[in-house]
Amino acid sequence: MTTPAASPPQPLPAPVPPVNPETREYWTATTRGRLLVKQCADCDSLIWYPRAICPQCGSLHTDWREVSGRGRIYSYTVNHRGEGPYQGAAPFVLAYVELDEGPRMMTNIVEADGAYLTVGLPVEVVFHDTGEGAALPRFRPLRS
Ligand SMILES: [Zn+2]
């Protein structure tokens with residue numbers, strides 16, 4: 001009796017995100033390789049996730065601002081079991097990345113062997129196109 005070989009993980013899927021009037025500009029920018037966050041015009045807070053109201057001061061005066069797409073791993077975990085569209089993609093890395101500008105995004109770390117990932121590792125954004133008007137921002141170790 002032989003043990004079946006484990007099949008290699010599939011590429012990380014890029015499921016289509018929900019797009020609404022508050023987030024349309026953000027998702028359109030991702031298809032052009034640009035990462036945007038909101039900034040409050042009254043208190044200057046950078047706002048993540050995208051929304052119309054500043055969570056710091058309640059202002060409705062927010063504008064889009066492009067950020068560098070660079071940051072550091074704030075926290076991460078290696079998922080060994082995928083659900084829904086991620087079934088068959090395990091293992092994959094789920095992480096919080098703290099952008100150089102401050103906000104922390106939940107995302108995936110890609111193009112990396114989970115064995116050498118560490119908190120504080122510099123990363124840069126890459127965009128995985130869904131093919132339907134949005135691209136998912138994910139991060140890979142910074143290549144200098
Ligand atoms: Zn504010």
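Strand 8, residues 135–141, is mostly covered, with 7 of its 7 residues buried. That is a handy place to start in this predicted model. Strand 8 is joined to strand 7 by 7 bridges, and the two run antiparallel. Together they make a hairpin with 5 residues between the strands. In the turn sits Gly131, whose phi is positive at about 80°.

His128 belongs to strand 7, which covers residues 122–129. Across the hairpin, its bridge partner in strand 8 is Leu136. Leu136 also turns up among the residues that His128 touches, along with Ala14, Val110, Ala134, Ala135 and Arg138, once residues up to four places away in sequence are set aside. With Arg138 there is something extra: the two side chains share a polar contact of 2.9 Å. For all that company, His128 counts as partly exposed, because its relative accessibility is 22% and the buried class is reserved for values under 20%. The early part of the chain comes into the picture here too, since His128 and Pro13 are 115 residues apart in sequence but 8.7 Å apart in space, C-alpha to C-alpha.

Helix 1, residues 24–30, also meets this region, by way of Thr30. Thr30 touches Phe127, Ala134 and Ala135, again leaving out residues up to four places away in sequence. Ala134 and Ala135 are on the contact list of His128 as well. Thr30 itself is buried, as its relative accessible area is 1%.

Next comes the metal site. Four cysteines hold the zinc ion through their SG atoms, namely Cys40, Cys43, Cys54 and Cys57, at 2.3 Å. Along the sequence these donors follow the spacing C-x2-C-x10-C-x2-C. The angles subtended by the 4 donor atoms run from 105 to 117°, so the arrangement around the zinc ion is tetrahedral. Cover is uneven for two of these cysteines: Cys54 counts as buried because its relative accessibility is 2%, whereas Cys57, at 42% relative accessible area, is partly exposed.

A small sheet shares this stretch of sequence. The sheet is open, has 3 strands in the order 2-1-3, and its pairing is antiparallel. Strand 2 (46–47) and strand 3 (62–67) are the edge strands, each pairing on one side only. Strand 1 takes in residues 35–40 and is linked to strand 2 by 2 bridges, with the pair running antiparallel. Within that pairing, Lys38 stands opposite Ile47 of strand 2. Cys40, one of the zinc donors, falls within the span of strand 1.

Stepping back to the chain as a whole, there are 1 helix and 8 strands. Read from the N terminus, the order is α-β-β-β-β-β-β-β-β. The C-alpha trace spans about 70 × 30 × 25 Å along its principal axes. Of the 144 residues, 37% count as buried. The accessible surface comes to about 8600 Å², with 49% of that belonging to carbon and sulfur atoms. As for contacts between residues at least 6 apart in sequence, 53% join residues at least 24 apart.

Methods. Residues are numbered from 1 along each chain as its sequence is written. Side-chain values use heavy atoms; hydrogens and water are left out. Two strands pair if DSSP finds at least two bridges between them. Helices (H or I, at least four residues) and strands (E, at least two) are DSSP runs, numbered from the N terminus. Buried means under 20% relative accessible area, exposed over 50%, partly exposed in between (1.4 Å probe, protein chains only). Contact means heavy atoms within 4.5 Å. A polar contact is a pair of N or O atoms within 3.5 Å; within protein, one must be able to donate a hydrogen and the other to accept it, and residues adjacent in sequence count only if both atoms are side-chain atoms. Donors are N, O and S atoms within 2.8 Å of the metal (3.2 Å for Na, K and Ca); water is not among the atoms, so sites may look incomplete. Four donors count as tetrahedral if all angles lie between 85 and 135 degrees; four count as square planar and six as octahedral if opposite donors are over 155 degrees apart and all others between 65 and 115; anything else is irregular. Accessible areas come from the Shrake-Rupley method with a 1.4 Å probe; for residues, only the protein chains shown count as cover.
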